[in-house]
Amino acid sequence: MYLLFAGIFIFMVACGDDDDDDEDLVGNWIQLSDFDGMPRTDAVGFSIGNKGYVGTGYTGEERLNDFWEYDPERNTWMQRADFPGVARNGAIACGTDTKGYIGTGYDGRNKLNDFWEYDPATNTWTQKADFGGSARYGAVAFAINNKCYVSTGYDGYYLKDLWEYDPAGDVWTQKTSLGGSKRKDAVGFAVNGKGYICTGIDNGVYETDFWEYDPLADSWTKKNPIADISDEDFDDDYSTIKGINKVAFAVNGKGYVAMGGEGTAGSIVWEYDPVTDLWEQKTTFEGSGRVDAVAFVVGSRAYITTGRSGSYYFDDLWAFEPDSEYNEDD
């Protein structure tokens, strides 16, 4: 595992929280078995059933198409069938109840729009209908009711179109575009049948608008921005949520946005409650601060691995239990 002083130093600077501050926050981080593949950044991750999956990405020298399965029960990794598309980074991925999907991205020369399905039961890949929008990288994806939704990204221009993929018919359908700003390198997650998009950058501006998507109504609702705009205390620190190259996931009915930053390798973790439309800061990530990590969720735990801090690339794996008491010794 890359345990580098420079990376740890960046983490300390970017974090800005001391041990006493973390003791007041909720959420526990547990370091687990290192990712078996090469250290990398800008990969993809998703879960199917009780397993997590990580693949593609960039080492700083080459783009990758290897693919790995993580078993939380055994805390072990196993290499699975290589992703058959061209090696890439900046792709999107989502997992349904039984299949996983990877598409779009950048191969070093070309923006991509191919789309592939992974079947864990047979350990095989099948090429599906090309992504319905333009070839792009830096987009976001989330899954709702076994359909994948893809939005934003960069195809030479910043984007905010939304596309729905229905595996049953292998069909892409364009839906109502994101209500807010165009952007790339944002995050998306799904909670209780709704999708959420925030963060990202558009022409040098770090976006602070935050949107909820209802697939039944095919409509977007603007939520509290991730900025300090009120006279009340609740949003005083919301500005630390914005940025790029963050990682997002959902656990037990709440959404989470972590890492990334504004030109920094961040470590701060925020929890979003859709019921109250409020954010709460959680225990800071205990590994080195980083950008472009990946996450997947199994049960009530989120798992975060890979990513980059400057020229340092990571392969450590951490589990996050958002409702557990902080324990600095595990």
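1. In this note a residue is called buried when its relative accessible area is under 20%, and by that cut-off Phe67, with a relative accessibility of 0%, counts as buried. The structure discussed here is a predicted model, and every value below should be read as computed from that model.

2. On the overall form, the chain's secondary structure comes to two helices and 28 strands. Its C-alpha trace spans about 50 × 45 × 35 Å along the principal axes. A compact globule of 330 residues would have a radius of gyration near 20 Å, and the 18 Å found for the chain agrees with that. Of the 330 residues, 55% are buried, and among the contacts with a separation of 6 or more, 51% are between residues 24 or more positions apart.

3. Aromatic rings deserve attention, since a search of the whole structure finds 42 aromatic pairs. In one of them, the rings of Phe67 and Trp125 have centres 4.8 Å apart and planes at 70°, so this pair is edge-to-face. Phe67 belongs to strand S4 (residues 67–71) and Trp125 to strand S9 (residues 124–128), so the pair ties together parts of the chain that are 58 residues apart in sequence. Trp125, at 13% relative accessibility, also counts as buried. Both residues belong to a cluster in which ring pairs link Phe46, Tyr53, Phe67, Phe83, Trp116, Tyr118 and Trp125.

4. How is Trp125 placed with respect to Tyr118 in strand pairing? Trp125, in S9, is the bridge partner of Tyr118, and strand S8 (residues 111–119) pairs with S9 in the antiparallel sense over five bridges. These strands belong to an open sheet of four strands, ordered S6-S7-S8-S9, whose pairing is antiparallel. Strand S6 (92–95) and S9 stand at the edges with a single partner strand each, so one side of each is left without a neighbour in the sheet. On average, and with direction ignored, neighbouring strands of this sheet are turned by 25° against each other.

5. At the S6 edge of that sheet, S6 and strand S7 (residues 100–106) pair in the antiparallel sense over four bridges. A hairpin of four residues joins S6 to S7, and within the pairing Ile92 stands opposite Gly103 in S7.

6. Another aromatic pair is formed by Phe249 and Phe320, whose ring centres are 6.4 Å apart and whose planes lie at 70°, so the pair is edge-to-face. Phe249 is in strand S20 (residues 247–251) and Phe320 in strand S28 (residues 317–321), so that the pair links distant parts of the chain, 71 residues apart. Phe249 is buried, its relative accessible area being 4%, and Phe320 is buried as well, with a value of 0%.

7. The strand that carries Phe249 can then be followed into its own sheet. Four strands form this open sheet in the order S20-S21-S22-S23, and the pairing is antiparallel. Which strands stand at the edges? They are S20 and strand S23 (278–282), each with a single partner strand, so one side of each is left without a neighbour in the sheet. Neighbouring strands here are turned by 25° against each other on average, direction ignored. S20 and strand S21 (residues 254–258) pair in the antiparallel sense over five bridges, and the bridge partner of Phe249 in S21 is Tyr256.

8. Aromatic rings also meet charged side chains in this model. The charged end of Arg63 sits over the ring of Tyr58, at 4.5 Å from its centre, while the charged end of Arg290 sits over the ring of Phe314, at 4.3 Å from its centre.

9. Finally, Val54 offers a view of how parts that are distant in sequence come together. Val54 is found in strand S3 (residues 51–55) and is buried, with a relative accessible area of 0%. Leaving aside residues up to four places away in sequence, Val54 touches a set of residues including Phe35, Val44, Gly45, Asp66, Phe67, Trp68 and Trp77; Val294, Phe296 and Thr305 are also among them. Val54 and Val294 are 240 residues apart in sequence, yet their C-alpha atoms are 7.7 Å apart in space. Phe67, one of the residues that Val54 touches, is the residue whose ring pairs edge-to-face with that of Trp125.

Terms used: Residues are numbered from 1 along each chain as its sequence is written. This is a predicted model: local features need pLDDT of at least 70, side-chain atom pairs count only at pLDDT 80 or more; totals for chains, interfaces and linings use all residues. Side-chain values use heavy atoms; hydrogens and water are left out. Rings of Phe, Tyr and Trp (its six-membered ring) pair if their centres lie within 6.5 Å; planes under 30 degrees apart count as stacked, over 60 as edge-to-face and the rest as tilted. Buried means under 20% relative accessible area, exposed over 50%, partly exposed in between (1.4 Å probe, protein chains only). A charge sits over a ring if NZ of Lys or CZ of Arg is within 6 Å of the ring centre and within 35 degrees of the ring normal. Two strands pair if DSSP finds at least two bridges between them. Axes are lines fitted to C-alpha atoms, for helices over the stretch in contact, and angles run from 0 to 180 degrees between N-to-C directions. Contact means heavy atoms within 4.5 Å. The radius of gyration is taken over C-alpha atoms; the globule rule is 2.2 Å times the number of residues to the power 0.38.
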